[in-house]
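This report describes one protein chain, going from its overall fold to single helices and a pocket. The sequence and the structure come first.

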Amino acid sequence: MATSQAPGEGPVRPVSVSLHEGTIAALKARTGKRGMSAYVETLIQRQLERDRLRELIEDAETEQGPVDQAAVDAKRAVLRGDAAGSADAT
């Protein structure tokens with residue numbers, strides 16, 4: 001029986017994916033031929049993290065209700081160092 005591996009874990013094995021030629025050219029230009037797999041692996045892991053975060057947010061909103069956008073904006077201002085927003089967020 002196969003053990004379930006977390007993203008980024010376990011042995012590496014080749015898979016086949018289909019990409020548009022323009023995408024392949026842009027990928028090769030950015031990574032070189034030898035760096036394509038690592039670049040794609042990183043992108044997929046990042047997307048999986050974003051998908052999971054979205055699921056967690058949806059679960060929280062189901063349980064707690066939607067977020068207060070004004071509170072989010074105030075906290076974002078604090079993180080960005082906006083002095084005007086920091087008084088509202090504290």
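## Fold

Helices here are DSSP runs of H or I with at least four residues, and strands are runs of E with at least two, numbered from the N terminus. On that basis the protein chain reads α-α-α-α along its sequence. It holds four helices and zero strands. The model is a predicted one.

## Surface and burial

The protein chain has 90 residues, and 8% of them count as buried. Its accessible surface is about 8,100 Å². Carbon and sulfur atoms account for 54% of that surface.

Ile24 is a residue of helix H1. Its relative accessibility is 28%; buried means under 20% and exposed over 50%, so Ile24 counts as partly exposed. Between Ile24 and Met36 there are 9.1 Å in space, C-alpha to C-alpha, and the two are 12 residues apart in sequence.

## Helix H2

Helix H2 covers residues 36-64. With 29 residues at 1.5 Å a residue, H2 should span 42 Å. The C-alpha atoms at its ends are 42 Å apart, so the expected span and the model agree.

After H2 comes Gly65, with a positive phi near 95°.

## Helix H3

Helix H3 runs over residues 69-80, which makes 12 residues. At 1.5 Å a residue the expected span is 16 Å, and the end C-alpha atoms of H3 are 16 Å apart, so these values also agree.

At the start of H3, Asp68 places a side-chain oxygen within 3.1 Å of the backbone nitrogen of Ala70. On the other side, H3 is followed by Gly81, where phi is positive and near 80°.

## The largest pocket

The space in the largest pocket amounts to about 940 Å³. Its lining is made up of 25 residues. Those nearest the centre of the pocket are Arg13, Val15, Ser37, Val40 and Glu41.

Two elements give two or more residues to this lining: helix H1 (21-31) and helix H2 (36-64). H2 gives the most, with nine residues. Sorted by class, the lining of the largest pocket consists of 16 nonpolar, six polar and three charged residues.

Notes:
Residues are numbered from 1 along each chain as its sequence is written. This is a predicted model: local features need pLDDT of at least 70, side-chain atom pairs count only at pLDDT 80 or more; totals for chains, interfaces and linings use all residues. Side-chain values use heavy atoms; hydrogens and water are left out. The expected span of a helix is 1.5 Å times one less than its number of residues. A polar contact is a pair of N or O atoms within 3.5 Å; within protein, one must be able to donate a hydrogen and the other to accept it, and residues adjacent in sequence count only if both atoms are side-chain atoms. Buried means under 20% relative accessible area, exposed over 50%, partly exposed in between (1.4 Å probe, protein chains only). Accessible areas come from the Shrake-Rupley method with a 1.4 Å probe; for residues, only the protein chains shown count as cover. On a 1 Å grid over the protein atoms alone, a cavity is a set of points where a 1.4 Å probe fits but cannot get out, and a pocket is an open set with protein on both sides within 12 Å along at least five of seven lines; lining residues have an atom within 4 Å of a point. Grid points are joined across faces, edges and corners, and a volume is the space filled by probe spheres set on the points. Ala, Val, Leu, Ile, Met, Phe, Trp, Tyr, Cys and Pro count as nonpolar, Asp, Glu, Lys and Arg as charged, and the others, Gly among them, as polar.
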